[in-house]
Amino acid sequence: MEATDSASPPDTEHPADPVVVSGIQPSGRLHLGNYFGALRQHIDLHQQHDAYYFIVNYHAMTTVQDAEQLREHTFNVALDYLALGFDPDEAALFVQSDVPEVTELMWIFFNLLPTSALEKGVAYKDKVEAGLTPNAGLFNYPVLQAADILAYGGSLVPVGADQKQNLEIARDLARRFNNRFCPEDEPLLPVPEPQILDDVAVVPGTDGRKMSKSYDNTIGIFEEGDALEEKVMNIVTDSTPLDAPKDPASCNVFALITLFADAETQQEIADKYRAGGYGYGHAKQALQELIEEHFAEARARRKDLEQRPDYVRDVLRQGAKEARAQAEPLLEKVRDRVGLVRTH
């Protein structure tokens, strides 16, 4: 029997089998905000769909301009992914700069997007207000991010809530390209959808603001012992006396506890807050124990991987090979659509 929808254009807004793509910037050690905002989703999703995860070292150059530091941070992010359970046999893990097609696609996108779209960037404004130098890389960050996503045909992007506006730019660019260069019934680029866990998408830092390396208020995923204790004990709280009842809903420490504790433990600690006689020091000790327990197995795996750097590099090389196998044919189609002539 002939299919009744055979003439229908492909659904670039809601593809049936999504290609999952996302990246993390190696601008320092990864922290709890990275983990709960995006990285945990990466680990959960990477075995469910065709997936490409990359360490965005080009993006990191907006703030990291020390060669040795950038190499070290890039390798550390790879260690973190693998330690947390990323299986390179199930999805590609690679370094952004190993796929040159991305920067070529970025240039094509530059010529489709009005500068006004970038001037409205909330993430850009926030970083400048935090003291970062407003260089051109930082300003144009969302266009490179869009190329990162669309070079692999990405249609589902697990990210933190703070990246939602950037995803809108990627969606806009996919539509602009399809409308400008493709027949109506033959769109080339999918329109990507963000996947955000709203309940934990914004993680409070030690000062109560969103946890961010830009604010120097982070708790590292793999910090332990005295270093972890110092970070946890420095979390800002109010001056409510030890014996007085406290509101867990307004406490930064409790907000972090809810990310790690099961429902029963959360209720138990919340009851202690409200009863009085339970100080913020007690809550911080409980939080430290929860963090240590949550990452105990991953911490052990990471220490093992540190002794096998060649294996980690092999994973990244293989991931880049798989990524280029996806990006190269797509870029050939892009070049053809926009009229970039190959003379060889």
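**Close-up views of a predicted model**

The lining of the largest cavity consists of 9 nonpolar residues, 3 polar residues and 1 charged residue. This cavity is the subject of the first view below; all views show a predicted model.

**View 1. The largest cavity and the helices that line it.** A search of the whole structure finds 1 cavity of 30 Å³ or more. Its lining is made by 13 residues, and A123, Y124, L138, Y141 and P142 are the closest to the cavity centre. The space inside the largest cavity is about 100 Å³. Helices α5 (115-119), α6, α7 (136-139), α8 and α9 each contribute at least two residues to the lining. Helix α6 gives the most, with 3 residues.

**View 2. The largest pocket and its lining.** About 1000 Å³ of space lies in the largest pocket. The pocket is lined by 44 residues, and those nearest its centre are Q25, N34, K127, D162 and Q163. Elements that each supply at least two lining residues are the strands β1 (19-24) and β4 (156-158) and the helices α1 (32-45), α6 (122-129), α8 and α9. The largest share comes from α1, with 5 residues. Sorted by class, the pocket lining holds 19 nonpolar, 19 polar and 6 charged residues. Helix α6 appears here among the elements that line the pocket, and α6 also supplies residues to the lining of the largest cavity. Helices α8 and α9 likewise take part in the pocket lining and in the cavity lining.

**View 3. The buried side of helix α4.** Helix α4 spans residues 101-110, and its buried residues are E101, V102, L105, M106, I108 and F109. These residues lie on the same side of α4 because they cover an arc of only 160° around the axis. Among the elements that cover the buried residues of α4 are α8 (141-150), α9 (164-181) and α15 (309-338).

**View 4. A salt bridge within helix α3.** How far apart are the N and O atoms where the side chains of R71 and E68 meet? The distance is 3.3 Å, and the contact is a salt bridge. R71 and E68 are both in helix α3 (residues 67-83), and because they are 3 residues apart, about one helical turn separates them. In an α-helix there are 3.6 residues a turn, so residues three or four places apart point the same way. R71 is exposed, at 54% relative accessibility. E68 has a relative accessible area of 48% and is partly exposed. By the rule used for this model, the count of salt bridges comes to 20.

**View 5. A network of salt bridges around E224.** The network links E224, E292, R299 and K303. In the salt bridge between R299 and E224, the closest N and O atoms are 3.8 Å apart. R299 lies in helix α14 (residues 296-306) and E224 in the loop between β5 (193-195) and α10 (225-233), so this pair ties together parts that are 75 residues apart in sequence. Is R299 buried or exposed? R299 counts as buried, at 7% relative accessibility. E224 counts as partly exposed, at 32% relative accessibility. K303 forms a salt bridge with E224 as well, and here the closest N and O atoms are 3.2 Å apart. This pair also links distant parts of the chain, since K303 is in helix α14 and E224 is in the loop between β5 and α10, 79 residues apart. K303 is partly exposed, with a relative accessible area of 44%.

**View 6. Strand β5 and the loop that follows it.** Residue E193 is found in strand β5. E193 is partly exposed, and its relative accessible area is 25%. In space, E193 and T103 are 22 Å apart from C-alpha to C-alpha, and in sequence they are 90 residues apart. Where does D216 lie? D216 is placed in the loop between β5 and α10. The phi angle of D216 is near 55°, which is a positive value in a residue other than glycine. D216 is exposed, with a relative accessible area of 71%.

Terms used. Residues are numbered from 1 along each chain as its sequence is written. This is a predicted model: local features need pLDDT of at least 70, side-chain atom pairs count only at pLDDT 80 or more; totals for chains, interfaces and linings use all residues. Side-chain values use heavy atoms; hydrogens and water are left out. Buried means under 20% relative accessible area, exposed over 50%, partly exposed in between (1.4 Å probe, protein chains only). Helices (H or I, at least four residues) and strands (E, at least two) are DSSP runs, numbered from the N terminus. The arc is that of the directions from the helix axis to the C-beta atoms. Contact means heavy atoms within 4.5 Å. A salt bridge is a side-chain nitrogen of Lys or Arg within 4 Å of a carboxyl oxygen of Asp or Glu. On a 1 Å grid over the protein atoms alone, a cavity is a set of points where a 1.4 Å probe fits but cannot get out, and a pocket is an open set with protein on both sides within 12 Å along at least five of seven lines; lining residues have an atom within 4 Å of a point. Grid points are joined across faces, edges and corners, and a volume is the space filled by probe spheres set on the points. Ala, Val, Leu, Ile, Met, Phe, Trp, Tyr, Cys and Pro count as nonpolar, Asp, Glu, Lys and Arg as charged, and the others, Gly among them, as polar.
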